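Work through the exercises below with the structure open. Try each task before you read its solution.

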Amino acid sequence: MSRISLNAFTMTTPTHQSPGLWRHPENRAADYNTLEYWTDLARLLERGTFDAVFLADVLGIYDVYRNSSAPALADGDQVPLNDPFLQISAMAAVTKNLGFAVTSALTYEQPYLLARRFSSLDHLTRGRIGWNVVTSYLESAARNLGLSRQLDHDTRYDLAEEFMEVVYKLWEGSWEDGAVVRDAERGVFTDPALVHPIDHRGEHYTVPGIHLSEPSIQRTPAIFQAGASPRGRAFGARHAEGIFLNSIAPEITRKATDATRDAFEEAGRPRNAARFYALVTAVVADSDAAAEKLFTEYQSYSSREGALAFYGGWSGLDLSQYASDEELAYLDTNAARSALSIFTTADPSRSWTPDSIARYLGIGGIGPVLVGSPETVADEIERWVDVAGLDGINLAYAITPGSYEQFIDLVVPELRKRGRVWDDYQGSTLREYVAGPGQTKVADTHPAAAYRGAYAGRPSAADIDASLTPHAVLGR
Ligand SMILES: Cc1cc2nc3c(=O)[nH]c(=O)nc-3n(C[C@H](O)[C@H](O)[C@H](O)COP(=O)(O)O)c2cc1C
């Protein structure tokens with residue numbers, strides 16, 4: 001019986017996955033722009049021995065539905081939205097173990113800059129940072145970031161492959177172990193001979209120089225991934241150490257986890273190269289009846305317009321163009337193809353209409369809502385994990401911190417009693433929670449490991465600018 005990893009799924013915005021519920025009187029989600037909101041959440045999640053908080057992010061707005069940004073703005077659906085990197089240091093300062101997996105769309109970043117941002121956070125969190133690598137799906141992001149339209153779905157993944165190569169070179173290769181000597185007596189902070197320019201000249205990126213940050217505890221942050229299209233899966237099979245899935249039924253998710261484990265092997269990695277987490281929302285109370293009552297109460301706050309605005313952004317499909325009871329068919333869009341296939345081809349026995357999608361997405365996004373007593377919810381989590389071949393869950397909230405409090409006070413003790421949740425953290429870095437105690441650096445089979453020490457003996461900063469190198473001081 002394997003351990004079930006618990007993660008919290010949230011976003012720096014008033015409405016993440018449950019449209020309309022920011023209005024619930026006990027929901028603090030609208031305080032997302034205060035530090036206390038984040039530090040309180042961090043303490044709470046660490047009390048529940050959660051592996052990590054997952055911070056989602058997008059760089060545009062959900063304006064596909066009704067061809068307008070108005071429904072999302074009126075509802076607070078992932079807008080207003082702050083930069084998710086900035087609260088992490090504060091959350092790290094009030095915790096010792098909780099990990100942080102932050103989403104960043106590489107499509108609109110430069111590897112040289114993003115690598116430094118992650119190294120900085122790996123230092124400040126003492127090895128607790130992870131990167132949820134996404135390629136983005138919103139046209140509205142592309143339009144505001146210098147493109148007339150989004151790059152094609154598969155081109156985004158081509159870009160991603162080269163981006164990863166560059167950051168791995170920076171994180172793993174540029175600075176050798178021992179480069180930072182901090183030798184006050186000799187007046188040498190860093191030995192230039194052990195710092196190497198990566199000399200990357202590729203199709204999309206040119207980075208001739210050295211990484212700006214010194215090596216951090218994990219070097220490469222723990223790599224998470226969430227794209228589930230064939231290209232997304234191939235990318236995850238190469239790079240991911242944690243894979244995050246949308247699911248509507250565990251039997252269907254099983255196909256995805258099995259296929260991805262096969263793909264790990266094809267990529268030269270073990271079948272357990274990454275942990276799989278499914279998006280889940282839980283509504284828990286002392287009894288099943290009390291939980292059902294609470295769920296009904298939450299549903300009364302749910303917003304149909306908001307749910308359809310979310311669906312538009314995820315799938316690229318404007319459901320206002322369909323009759324509310326019209327059945328949907330799959331088409332290739334340029335958005336998140338996995339979000340579209342889940343409501344069309346994933347389960348041939350089930351058909352979906354705008355009405356049923358809106359109801360389903362009303363609480364918890366594209367994931368199940370588990371409603372019941374602590375025993376019922378623990379049973380359901382075990383069933384999901386065991387049937388789907390998962391290693392854990394990513395717990396979204398109906399209300400926050402209420403949903404997390406219910407879960408931590410009621411379900412975590414039950415799962416612990418069953419031996420499925422650890423009593424305390426084992427290890428202190430995020431990679432250790434994903435890959436096992438002692439595994440702080442990427443595994444040897446991970447593509448980043450190919451750059452470990454790869455530049456040793458190659459040109460160094462000492463060769464490049466000999467006039468600035470303190471050879472005399474170093475005695476060379
Ligand atoms: C569960 C899940 C969560 C995701 N979270 C984000 C996110 O926070 N930000 C984002 O830009 N993309 C997010 N994505 C989108 C994917 O990472 C990916 O860019 C998108 O799904 C397109 O790839 P695909 O067609 O391979 O699925 C998420 C996808 C899934 C399945």
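**Exercise 1. Determine the handedness of the crossing between α7 and α8, and classify their angle.**

Step 1. Locate the helices in this predicted model. α7 covers residues 230-239 and α8 covers residues 250-266. Residues are numbered from 1 along each chain as its sequence is written. Local features need pLDDT of at least 70, side-chain atom pairs count only at pLDDT 80 or more, and totals for chains, interfaces and linings use all residues. Helices are DSSP runs of H or I, at least four residues, numbered from the N terminus.

Step 2. Take the axes, which are lines fitted to C-alpha atoms over the stretch in contact. They come within 8 Å and cross at roughly 55°. Angles run from 0 to 180 degrees between N-to-C directions.

Step 3. Classify. α7 is therefore oblique to α8. Under 35 degrees is roughly parallel, over 145 roughly antiparallel, 65 to 115 roughly perpendicular, and the rest oblique.

Step 4. Assign the hand. The crossing of α7 with α8 is right-handed: the near helix is turned clockwise from the far one by less than a right angle.

**Exercise 2. Identify the residues through which α7 and α8 meet.**

Step 1. Apply the contact rule: C-beta atoms, placed from the backbone, within 7 Å.

Step 2. List both sides. α7 supplies Arg 233, Ala 234, Gly 236 and Ala 237. α8 supplies Ala 259, Thr 260, Ala 263, Phe 264 and Glu 266.

**Exercise 3. State what share of the protein chain is buried.**

Solution. Count a residue as buried if 20 or more other C-beta atoms lie within 10 Å of its own. Of the 476 residues, 51% qualify.

Terms used. A residue is buried if 20 or more other C-beta atoms lie within 10 Å of its own, exposed if 12 or fewer, and partly exposed in between; C-beta atoms are placed from the backbone. Helices (H or I, at least four residues) and strands (E, at least two) are DSSP runs, numbered from the N terminus. Two residues are in contact if their C-beta atoms, placed from the backbone, lie within 7 Å.
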